[in-house]
Every structure is written in structure tokens, then in C-alpha cells.
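Welcome! Here is a short tour for anyone meeting this structure for the first time. Take a look at the picture, then read on.

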Amino acid sequence: MYIAVSKRIVQTKPIRILLFALACSLFFSACQSKDSSGSEQNSNSKSEAEFTDLNREKSNLSDYKGKPIILHFWATWCKPCIEEFPSLKEAQPRLEKENVQFLIASDEELDLIEKFQTRFKTGLNLIQLSEGSLAEFGVYALPTTLILNAEGKEINRISGKIDWSSIESIDQLTNLKQ
């Protein structure tokens with residue numbers, strides 16, 4: 001019995017190893033091709049993304065060319081997003097003096113964003129990502145902030161909650177003209 005079981009293990013083990021190696025190979029080649037070809041396509045998708053403000057005015061990133069942009073993604077259900085709003089509100093006027101454009105975007109329904117703004121009175125210009133997706137921006141966790149230079153090129157990315165009122169954050173963000 002031991003010999004029969006060990007023969008069966010010997011026969012199936014190479015197949016399992018081969019299948020595992022093939023699966024790993026496919027996984028890594030898929031990731032690699034997504035990264036290498038996706039960056040240019042991702043850049044095009046970003047510039048074509050459409051935003052809608054609470055007045056139902058539409059815009060896209062190319063409307064802000066010539067200005068550095070802080071594109072901050074958030075959601076009404078995201079506790080860390082909401083917790084950073086007071087410091088974000090504090091930093092916004094200081095950075096706008098440096099000609100930095102703030103876009104504080106959620107991909108949720110515009111009505112939900114309006115209700116949130118009415119209830120919490122954030123004092124921020126909240127907008128909706130109305131055409132496009134967070135994935136097109138490479139955003140898979142919230143909050144996430146993309147920092148774009150005046151040409152619209154992403155120069156920095158911050159994932160997670162940050163203290164917008166800290167001196168280090170402001171110093172880092174005022175050097176956006178690179």
C-alpha cells in the first residue's frame with residue numbers, strides 16, 4: 001500500500017509543480033504587461049476623466065493645465081477621509097496662494113455627495129468623478145492624493161490619511177512647480 005501511494009504522489013507532484021509554475025508565470029506576465037503598457041493608456045484616461053461639481057458644471061484635468069493640481073480621492077463612507085477634511089480645509093487657502101488647484105473627488109453619486117456636503121458643511125469644493133474610474137487613476141484605497149505638476153504629470157502619490165496642516169506636508173506640496 002505504501003508503495004502504491006508513493007507512486008501516485010511521485011506521478012502527481014511533477015504535474016502540480018508544473019501547473020503551479022505555469023500559473024505563476026501567467027500571473028507575473030499579466031502584471032508586467034499591465035504595468036508596461038498601462039501607464040501611457042492610464043495617462044490618457046486621466047486627462048479624459050470628467051468631473052462634475054455640485055453646481056452640475058463639468059470639467060476635466062486638461063481644464064487646469066498650467067496649474068499644479070492636488071487631486072484628492074475620498075468617499076462619504078471613508079472615516080479616514082472625513083477625519084482629514086479639517087486639516088485639508090486649513091491647507092487649501094495656503095496652497096491656492098501658490099496657484100495650486102484642489103480637486104476633491106469621489107466616484108459616488110452626485111446626490112450623495114451633495115447630501116454629505118449639506119450635512120457636514122466641509123467648506124471644501126467637493127466634486128464627483130462622473131466619467132472614468134478610480135482604477136484608471138490607479139487608486140485602490142481611500143483616501144489617495146495624486147499630485148500633478150502644471151503639465152498634468154503625476155509627480156507624487158500619497159495613499160492614506162495625512163495631516164494637511166503639518167509644516168512638512170505644506171513644504172512638500174508648495175514645491176509642486178518641478
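## The sheet

One thing to keep in mind from the start is that this is a predicted model. A good place to begin is the end of the sheet where β7 sits: there, isoleucine 147 has asparagine 156 of β7 as its bridge partner. Strand β6, covering residues 144–148, is joined to β7 by 5 bridges, and the two strands run antiparallel.

Now let us step back to the whole sheet. Its 7 strands form an open sheet with mixed pairing, in the order β2-β1-β5-β4-β3-β6-β7. Because β2 (58–60) and β7 (154–159) each have a single partner strand, they stand at the edges, and one side of each is left without a neighbour in the sheet. On average, neighbouring strands of this sheet are turned by 30° against each other, direction ignored.

## Helices across the strands

Which strands does helix α2 lie across? Helix α2, made of residues 79–96, lies across β3 (69–73), β4 (101–106) and β5 (126–131). Its direction is at about 150° to β4.

Helix α3 (residues 110–120) lies across β1 (50–53), β4 and β5. Relative to β5, helix α3 runs at about 175°.

## Salt bridges

How many salt bridges does the structure hold? There are 7 salt bridges in the structure, and three of them make good stops on our tour.

Let us start with arginine 56 and glutamate 114, whose closest N and O atoms are 2.7 Å apart in their salt bridge. This pair links distant parts of the chain, 58 residues apart: arginine 56 is in the loop between β1 and β2, while glutamate 114 is in helix α3. Arginine 56 counts as partly exposed, at 45% relative accessibility, and glutamate 114 counts as partly exposed at 23%.

Next comes the salt bridge between lysine 58 and glutamate 50, with the closest N and O atoms 3.8 Å apart. Lysine 58 is exposed, with a relative accessible area of 53%, whereas glutamate 50 counts as partly exposed at 25%.

## A pair within one helix, and a network

Lysine 79 and glutamate 83 also form a salt bridge, the closest N and O atoms being 4.0 Å apart. Both residues lie in helix α2, 4 residues apart, which is about one turn of the helix. Lysine 79 is exposed, with a relative accessible area of 57%, while glutamate 83 counts as partly exposed at 39% relative accessibility. Elsewhere, Arg56, Asp111 and Glu114 are joined into one network by salt bridges that share partners.

Terms used:
Residues numbered from 1 in each chain as written. Predicted model: local features only at pLDDT ≥ 70, side-chain atom pairs only at ≥ 80, totals over all residues. Heavy atoms only, no water. Pairing = 2+ DSSP bridges. Axes fitted to C-alpha atoms, helices over the stretch in contact; angles between N-to-C directions. Contact = heavy atoms within 4.5 Å. Salt bridge = Lys/Arg side-chain N within 4 Å of Asp/Glu carboxyl O. Buried < 20%, exposed > 50% of the residue type's maximum accessible area, 1.4 Å probe, protein only.
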